[in-house]
Structure formats: structure tokens, C-alpha cells
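Reader: I am new to reading protein models. Could you take one helix and walk me through how its neighbours pack against it, and then place that in the whole chain?

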Amino acid sequence: MATGADVRDILELGGVESENTGTINKKDIINSDKKKSKKSSETLTFKRPEGMHREVYALLYSDKKDAPPLLPSDTTQGYRTVKAKLGSKKVRPWKWMPFTNPARKDGAMFYHWRRAAEEGKDYPFARFNKTVQVPVYSEQEYQMYLHDDAWTKAETDHLFDLARRFDLRFVVIHDRYDHQQFKKRSVEDLKERYYHICAKLANIRAAPGTDLKIPVFDAGHERRRKEQLERLYNRTPEQVAEEEYLIQELRKIETRKKEREKRTQDLQKLITAADTTTEQRRAERKAPKKKLPQKKETEKPAVPETAGIKFPDFKSAGVTLRSQRMKLPSSVGQKKIKALEQMLMELGVDLNPMPTEEIVQMFNELRSDLVLLYELKQAFANCEYELQMLRHRYEALAKAGSIGPLSVEGTHPDGQAGLGIEEGKGDAKDQIIDVVGAPLTPNSRK
């Protein structure tokens, strides 16, 4: 026997009261449509996550919460190409009709399909029929201005006739030129004669005071250009490989030149910094403390960053220790720090002195000078090593007979013999320095 729950299940009814009692109420039957509409209206809405594009989110969720289709379908929603809407009007009639091309002079008749409304109109592609305006000269103009001993009038007339027929396509003109009746000419000769006559006629027929654009053709330059192209095309694989090798060597030479210039600039900065620091110390010692203005530090010349050590300034509010001013900045490398400690130990200076005001200032100045001295020694060692390498290479080339022997001009300040080259061989030395290769640094020998 059917119970109330079975009837409720068949009618798709539900509710708290009916479930508790197990009987069907009047409200369940009357308000069944309202409950269905309420269920359908209460749909879950998902918010698009931040950073996800709208198109990607649309592939995951749709308005009907349906899964995305496996095959492409044509729907009214989303982006799509609008199809053509064909009406019920009559189609415009087309007709098979004859036409002539104005570019042809033989009056040939052709046929094609065309709309009936366009019957009798000109051929639409006739506007692309562009011809070159070749000048025409008279007998009197030729005898007065265009006469040339290397060209006859009949040959010049033949050249201009071919220019009109083939629209100044000089390769075709040269192919169709009558070399049996006239002298054999090259393409450059034909161009030179044609443009020379055009320039003469433009000067003759131009009104006084007008600015002319006269065509100029350089036959010699055109011949040299074609000769260079022919040589370039006829190169052997060995010549191509040699040219690529020379280009690579040229790039290496330019790179080494830039490196030498950079090292020279760095060395000049170090020397300038050393001189500037020495002059500042001397001026500070000579001048009395009372006469020194308060803004003396701002008037000092700027020292390059590569010179010595640049200690940080503690100008912020608050308490600071003097020992913080003695701390080396992070820009100083470990190699310089080790060398600095070694030099201080050789001088017998304590690495951690009592941080009074005067000691802190003197200790920082001493370490800055020692770092500058270390950099100068490094630059001097590099230059000395480069000089030794160049001397050995030069002697090897001199023994091979590539260049002349060495001539001693003087001695180095440290007692080593200097290098000298006879007059007229300075350029050879520069070439040898560039071509042989960049000298190695003392550290690279290890």
C-alpha cells in the first residue's frame, strides 16, 4: 500500500513539515509551483578569479553551467563572423562581351564575362598602362647640340627607337641592338648616350630661371660596380674563408684597442687621484685650522671613485660609534682587504686602533692611500709585463726577418733597457702590436 512519502516522491514534493509528519498537506499541493521556481532561481554564482582572462573563464563556466563542447559549434553567443544575408532580389545579369586592351596596337579582340550594366565602358585595367616619355629631337637640334664623333645619327635613332619600344629596359635593348650594322656597344655605353642626350635636350628646352632635375649617369662608376660584383661572385671557397678570417681578426684588433684605451684611462685616473690627494694633504697641513672655512670640504676637487676607499658618511640622526667609521665598505674586494692588512702589518700599524676622532680620520686616510698605492702597483706591473711580452715578440719577428733590428734609445727609470725603433718604422711596430695579439696580464701567467 502506497504511503504519503511515495506520493510526495512521485509529485516531487518536499518540505520540513511533510517530512516530519509523513502526510500530504494542502500547502504542498497548492504551492508546488512556487517551490519549483524558488529552487530554479537559487543558482550558485561563481566569481571569476583575479588574474584570469574573461575568455579563459568562459571556457570553464557558462551561463547555463554546461560543460564546454568537445567539437566547435556555431552559436549566437560569443565572437563569430557575420554571415552574408542574401535577399530575395534578382541577381544582376552578367554577359559574355568583347573588349580591347589599349596597350596593344594591333587591335586584338578578346572576350570575358562582365556585368551587363558595364557594357561599353573602358577596360578597367587600362589605367595601369604607363609608358615612358622618350624625348624626340629634330634634325637641327641633333646637328647643333647632339652631334658626337663616336655615334652616328642613324645609330642614335636606332637607340631611341628601341628605347620607345622596350620602355628603357636597357638589358632588352642591348639584346635587340643591331650589332651587325652598327658598332658593338655595352649596356653602359647605351645608357650613357641616352642620358647624355636627355640632359642636353632638357637644358636646351628649359625656360630661363627654372630649377631642372637633370638625369645623370656615371658610366665609369657603373662599370666598376659590375666588375666588383663579378669578382665577388667568382671568389673561391678559400678566398671566402680567408676574408671571414680577416674580418674576425679585425674585430679582435678593435676589441684589443678598446681594452688598451680603457686601461690607459684607468691608469690616468689613478695618477690624477694620487696627485689630487697629495695636494690636498699638503694644503691641509700648511693652512692653520682657525682660518679654514666651514665649507672647505665642498670646495675640494672631486676624487674619482677608483681612487682609494670611499667611506660612508653617517649623517643620519641618532647615536653612532666611531668604530663604524673605520669599517671598510663592501665595494672593497677581499683581495684588496688582504693586501691592505699585509701592508699595515709591514708598517707596524695596529689593525684595530683606539677609535678616537683623530685616529679614526688618520687611519682611514692611511688605508685609502695604501689602496691607491696597491692599485698603482698593479697597473705598473701590468704595463711592465706588457712591455716585456712585446719586447720578446718583437725580437722574435726581428730574427725571422720580418722587420728591422732593435735600436736602443735609452734606459728605463728602474734600470731596464728601453725599446726604440729606427725612424720610418713606427707604423710597423703598431701593426705588429695589433696583429700579434693582446698581451696577457701577470695574473694569467699563473
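**Helix α9 and its two partners**

Author: In this predicted model, helix α7 (residues 153–165) packs against helix α9 (residues 187–205) at an angle of about 90 degrees, and their axes are 11 Å apart. Angles from 65 to 115 degrees count as roughly perpendicular, so α7 and α9 are roughly perpendicular to each other. On the α7 side, the residues that meet α9 are T156, L159, F160 and A163. Their partners in α9 are L190, R193, Y194 and I197. Sorted by class, the residues of this contact are six nonpolar, one polar and one charged.

Two packed helices are described by the angle between their axes and the distance between the axes. The same description can be given for the second partner.

Helix α6 (residues 139–146) also packs on α9: the two axes come within 11 Å and cross at roughly 105 degrees. That angle makes α6 and α9 roughly perpendicular to each other, too. Here E141, Y142, Y145 and L146 in α6 meet R193, I197, K200, L201, I204 and R205 in α9. The classes in this contact are six nonpolar, no polar and four charged residues.

Now compare the lists for α9. R193 and I197 appear in the contact with α7, and R193 and I197 appear again in the contact with α6. L190 and Y194 are listed for the α7 contact, while K200, L201, I204 and R205 are listed for the α6 contact.

Next, the whole chain. The secondary structure comes to 16 helices and two strands, with α6, α7 and α9 among the helices. Of the 446 residues in the protein, 20% are buried. Take the contacts between residues at least 6 apart in sequence: 51% of them join residues at least 24 apart.

One further part of the model concerns empty space. Rolling a probe the size of a water molecule over the atoms shows where empty space is left. The structure holds one cavity of 30 Å³ or more, and about 30 Å³ of space lies in the largest cavity. Its lining consists of K336, A339, L340, M343, L370, V371 and Y374. Helices α14 (334–347) and α15 (357–400) each supply at least two of these lining residues. The most comes from α14, with four residues. By class, the lining has six nonpolar residues, no polar ones and one charged residue.

How values were computed:
Residues are numbered from 1 along each chain as its sequence is written. This is a predicted model: local features need pLDDT of at least 70, side-chain atom pairs count only at pLDDT 80 or more; totals for chains, interfaces and linings use all residues. Side-chain values use heavy atoms; hydrogens and water are left out. Axes are lines fitted to C-alpha atoms, for helices over the stretch in contact, and angles run from 0 to 180 degrees between N-to-C directions. Angles under 35 degrees count as roughly parallel, over 145 as roughly antiparallel, 65 to 115 as roughly perpendicular and the rest as oblique. Contact means heavy atoms within 4.5 Å. Ala, Val, Leu, Ile, Met, Phe, Trp, Tyr, Cys and Pro count as nonpolar, Asp, Glu, Lys and Arg as charged, and the others, Gly among them, as polar. On a 1 Å grid over the protein atoms alone, a cavity is a set of points where a 1.4 Å probe fits but cannot get out, and a pocket is an open set with protein on both sides within 12 Å along at least five of seven lines; lining residues have an atom within 4 Å of a point. Grid points are joined across faces, edges and corners, and a volume is the space filled by probe spheres set on the points. Buried means under 20% relative accessible area, exposed over 50%, partly exposed in between (1.4 Å probe, protein chains only).
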